[in-house]
Amino acid sequence: VDCGMGNLRSIQKAFERVGHPAIIAQNPEQIASAHAIVLPGQGAFRDCMAHLGDHALIEPVLEFIRSGRPYLGICLGLQLLMTESEEFGCHKGMNVIQGRVRRFPVGLTDAQGAALKIPHMGWNQAHLTRRAPIFAGIPEEAYFYFAHSYYIEPWGDAVVACTTDYGVQFVSGVWHDNMFGVQFHPEKSQAYGLRLLQNFGDLARV
């Protein structure tokens with residue numbers, strides 16, 4: 001789904017590399033006819049929600065999720081599922097998952113006491129709490145590539161699929177029925193990232 005920001009083409013190419021042709025959907029009709037959808041995104045929560053609203057894409061995405069077909073949110077596409085975000089004020093999300101998007105607090109340190117930079121950028125581990133279908137064939141402590149200053153805080157643990165440590169432990173992946181979301185960038189995460197995208201694409205063929 002074209003959310004007006006982010007590296008759409010690199011995600012499209014990553015799906016093609018693992019044998020799943022993908023198009024960049026820019027209207028409700030393309031979303032409605034899809035077998036599975038991916039909502040990626042980088043940048044500000046408020047701006048992305050505004051773009052989706054201006055192009056009448058919010059309700060088609062919500063209807064798609066309700067239909068039971070596979071949905072994957074990547075980075076900002078995960079955060080948009082939440083009730084609200086504190087980025088640049090308080091802004092409403094799609095409220096598919098009840099919870100809040102929060103900024104990393106200042107003064108974070110690692111286990112050795114060294115200061116951690118914000119944004120959180122680079123390789124880090126996803127600690128699997130549940131074996132979601134998109135993680136099939138991926139080790140429980142696999143490394144993925146992150147680039148973000150905000151993270152999700154669900155109001156309940158039922159949807160949590162994996163967590164990551166960066167001064168604090170935060171939720172880096174969710175799973176509920178047909179809905180998946182990851183804070184990291186699988187399209188930048190080499191073999192394990194491609195495997196995750198392949199697993200997701202395979203769900204559309206079941």
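Start by selecting Ala-56: at 46% relative accessibility, this residue counts as partly exposed. You are looking at a predicted model, and Ala-56 is a good place to check the backbone. Although Ala-56 is not a glycine, its phi is positive, about 55°. To see its setting, show the loop that links helix H3 (45–54) to helix H4 (58–66), where Ala-56 sits.

**A second positive phi**

Now jump to Asp-177, in the loop between strand S11 (168–176) and strand S12 (179–182). Here too a residue that is not a glycine has a positive phi, about 55°. Is Asp-177 buried or exposed? With a relative accessibility of 56%, Asp-177 counts as exposed, since the cut-off for that class is over 50%.

**The whole chain**

Zoom out for a moment and colour by secondary structure. You should find six helices and 12 strands. The radius of gyration is 16 Å, close to the 17 Å that the globule rule gives for 206 residues, so the chain is as compact as a globular protein of that length. Along the principal axes, the C-alpha atoms fill a box of roughly 50 × 40 × 30 Å. If you colour by accessibility instead, 51% of the 206 residues count as buried. A contact map is worth drawing as well: among contacts between residues at least 6 apart in sequence, 68% join residues at least 24 apart.

**Helix H1 and its buried face**

Next, select helix H1, residues 8–17. Which residues of H1 are buried? They are Leu-8, Ile-11, Gln-12, Ala-14 and Phe-15. Turn the view to look down the axis of H1: these buried residues fall within an arc of 160°, so they line one face of the helix. A reminder about helix geometry helps here: an α-helix has 3.6 residues a turn, so residues three or four places apart point the same way. To see what covers the buried residues of H1, add strand S1 (37–39), strand S2 (71–74) and helix H6, which are among the covering elements. Before leaving, step past the end of H1 to Gly-19, which follows the helix and has a positive phi, near 90°.

**Where H1 meets H6**

Keep H1 on screen and bring up H6, residues 190–203. The two helices pack at an angle of about 75°, and their axes are 9 Å apart. H1 and H6 are therefore roughly perpendicular to each other, as the class covers angles from 65 to 115 degrees. Show side chains at the contact: from H1 come Ala-14, Phe-15 and Arg-17, and from H6 come Leu-194, Leu-197, Phe-200 and Gly-201. Sorted by class, this contact has five nonpolar residues, one polar and one charged.

**Last stop: a cis peptide bond**

Finish with Ile-118 and Pro-119. What kind of peptide bond joins Ile-118 and Pro-119? The bond is cis, with omega about 10°. Pro-119 lies in the loop between strand S5 (97–103) and strand S6 (120–125), and Ile-118 is placed in the loop between S5 and S6 too. With a relative accessible area of 26%, Ile-118 is partly exposed.

Now select the neighbours of Ile-118. Leaving out residues up to four places away in sequence, Ile-118 touches Arg-103, Phe-104, Pro-105 and Ser-149. Draw a distance between the C-alpha atoms of Ile-118 and Phe-104: these residues are 14 apart along the chain, and the separation is 7.3 Å.

How values were computed
Residues are numbered from 1 along each chain as its sequence is written. This is a predicted model: local features need pLDDT of at least 70, side-chain atom pairs count only at pLDDT 80 or more; totals for chains, interfaces and linings use all residues. Side-chain values use heavy atoms; hydrogens and water are left out. Axes are lines fitted to C-alpha atoms, for helices over the stretch in contact, and angles run from 0 to 180 degrees between N-to-C directions. Helices (H or I, at least four residues) and strands (E, at least two) are DSSP runs, numbered from the N terminus. Angles under 35 degrees count as roughly parallel, over 145 as roughly antiparallel, 65 to 115 as roughly perpendicular and the rest as oblique. Contact means heavy atoms within 4.5 Å. Ala, Val, Leu, Ile, Met, Phe, Trp, Tyr, Cys and Pro count as nonpolar, Asp, Glu, Lys and Arg as charged, and the others, Gly among them, as polar. Buried means under 20% relative accessible area, exposed over 50%, partly exposed in between (1.4 Å probe, protein chains only). The arc is that of the directions from the helix axis to the C-beta atoms. The radius of gyration is taken over C-alpha atoms; the globule rule is 2.2 Å times the number of residues to the power 0.38.
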